[in-house]
Amino acid sequence: MGTRPVLVYDGDCGFCTTAVRFAEKRVRPRCTVVAWQFADLDELGVTQERAEHELLWIAPGGTVHGGAQAVAKLLLSAPGAWAVPGAVLTLPPVRWAGHGLYRLIADNRHRLPGGTAACALPADRRPGTR
């Protein structure tokens with residue numbers, strides 16, 4: 001693994017892709033961004049099941065943060081004031097609320113703007129998958 005953190009997201013999900021593109025353009029995290037479908041998950045030390053389940057932030061040392069804590073790490077890595085909400089997101093009880101909110105969004109991403117019906121299917125049942 002390289003010297004930069006890696007952000008792994010679901011490239012088959014329209015909502016996830018839109019959210020990551022927004023983050024790349026507006027937040028500008030200091031990381032490598034890759035869809036799990038094109039990542040070497042073994043090299044990154046994560047399973048496909050976990051990558052399908054949540055956004056992942058993988059630190060250069062191999063530590064993996066998922067879901068809301070991956071979002072917190074993304075924000076903490078960005079220049080400017082983005083680090084403030086990132087730091088707040090790591091503190092209890094905000095951390096706990098962030099986890100619940102993340103799961104609510106992730107479990108309903110197919111219903112959100114940019115989401116498609118394919119987002120609701122397990123990866124192996126999505127149209128056009130290998």
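Two strands are taken to pair if DSSP finds at least two bridges between them; helices (H or I, at least four residues) and strands (E, at least two) are DSSP runs, numbered from the N terminus. The model is predicted, so local features need pLDDT of at least 70 and side-chain atom pairs count only at pLDDT 80 or more, while totals for chains, interfaces and linings use all residues. Residues are numbered from 1 along each chain as its sequence is written, and side-chain values use heavy atoms, with hydrogens and water left out.

With that settled, the sheet is a good place to start. Strand S3 (residues 56–58) and S4 pair in the antiparallel sense over three bridges, and Leu 56 stands opposite Gly 66 in S4. The whole is an open sheet of four strands in the order S2-S1-S3-S4, with mixed pairing. S2 and strand S4 (64–66) stand at the edges, each with a single partner strand, so one side of each is left without a neighbour in the sheet.

Two helices lie across these strands. H4 crosses S1, S3 and S4, running at about 110° to S4, and H1 lies across S1 and S2, at about 155° to S1. Such angles run from 0 to 180 degrees between N-to-C directions, with axes fitted as lines to C-alpha atoms, for helices over the stretch in contact (heavy atoms within 4.5 Å).

In H1, the buried residues (under 20% relative accessible area, 1.4 Å probe, protein chains only) are Cys 16, Val 20, Ala 23 and Val 27. What covers them includes strand S1 (6–9), strand S2 (32–35) and helix H4 (68–77). Just after H1, Arg 28 takes a positive phi of about 60°.

Technical notes
Buried < 20%, exposed > 50% of the residue type's maximum accessible area, 1.4 Å probe, protein only.
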